[in-house]
Amino acid sequence: MSTTAMINSHPNPTSGLDVDRLAEAIDAALACAQSCTACADACLAEEAVADLRNCIRTNLDCADVCVATASVLSRRTGSNLTVVTELLKACRAACATCAEDCEAHADMHEHCKLCADACRRCEKACSDLLSAIG
């Protein structure tokens, strides 16, 4: 089952939204949440964990924002575009901040590199959906 198929199966039409961009934003947010959670845990396992304190915090914040974003985007009944738009902006900002923190450690920690990549993908997907909303 794909996210697009689930969106298309909903009895409420997704008028005004590009279904492919919506599905990409949901998928990217969920993947980013998983990457951020795993990266935070990997940072906790590093010897120099104190040096990664801010990275861990931004990872956990980003994961929470991404989960909330994916959940709200998945709901089609009575969707409020004002709330969706603000949440997408918040998700984009959380992903950008987390990506920057992880990129600072990417040369030393593979998990930070992978997390930064997931954050950048989600940041782009949020921007793309925001553009489609107008």
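A residue counts as exposed when its relative accessible area is over 50% and as buried when that area is under 20%. In the predicted model described here, Arg-57 has a relative accessible area of 54% and is therefore exposed. Arg-57 belongs to helix H3, which comprises residues 53-74. Although Arg-57 and Ala-40 are separated by 17 residues in sequence, their C-alpha atoms lie 7.7 Å apart in space.

The packing of helices H2 and H3 was examined next. Two packed helices are described by the angle between their axes and the distance between the axes. For H2 and H3, the angle is about 155 degrees and the axes are 8 Å apart. Since angles over 145 degrees count as roughly antiparallel, H2 is therefore roughly antiparallel to H3. The crossing of these two helices, H2 and H3, is left-handed, and the contact of H2 with H3 has, by class, 21 nonpolar residues and three polar residues, with no charged residues.

Helix H5 covers residues 110-133, and its 24 residues, at 1.5 Å a residue, should span 34 Å; the C-alpha atoms at its ends are 35 Å apart, in agreement with that expectation. After H5 comes Gly-134, which has a positive phi, near 95 degrees. The buried residues of H5 include His-111, Cys-112, Cys-115 and Ala-116 towards lower numbers, and Cys-126, Leu-129 and Leu-130 towards higher numbers, with Ala-118, Cys-119, Cys-122, Glu-123 and Ala-125 in between. An α-helix has 3.6 residues a turn, so residues three or four places apart point the same way. The partners against which the buried residues of H5 pack are helix H2 (19-45), H3 and helix H4 (81-103).

Two individual residues, one in H2 and one in H4, illustrate contacts of this kind. Ser-35, in helix H2, has a relative accessible area of 18% and is therefore buried, the cut-off being under 20%. When neighbours within four places in sequence are left aside, Ser-35 is in contact with Cys-115 and Ala-118, both of which are among the buried residues of H5. Thr-85, in helix H4, has a relative accessibility of 17% and so likewise counts as buried. With its neighbours within four places in sequence again left aside, Thr-85 is in contact with Leu-130 and Ile-133, and of these Leu-130 is listed among the buried residues of H5.

Methods
Residues numbered from 1 in each chain as written. Predicted model: local features only at pLDDT ≥ 70, side-chain atom pairs only at ≥ 80, totals over all residues. Heavy atoms only, no water. Helix = DSSP H or I, 4+ residues; strand = E, 2+ residues; numbered from the N terminus. Buried < 20%, exposed > 50% of the residue type's maximum accessible area, 1.4 Å probe, protein only. Expected span 1.5 Å × (residues − 1). Contact = heavy atoms within 4.5 Å. Axes fitted to C-alpha atoms, helices over the stretch in contact; angles between N-to-C directions. Parallel < 35°, antiparallel > 145°, perpendicular 65-115°, else oblique. Left-handed = near helix turned anticlockwise from the far one by under 90°. Nonpolar A, V, L, I, M, F, W, Y, C, P; charged D, E, K, R; others polar.
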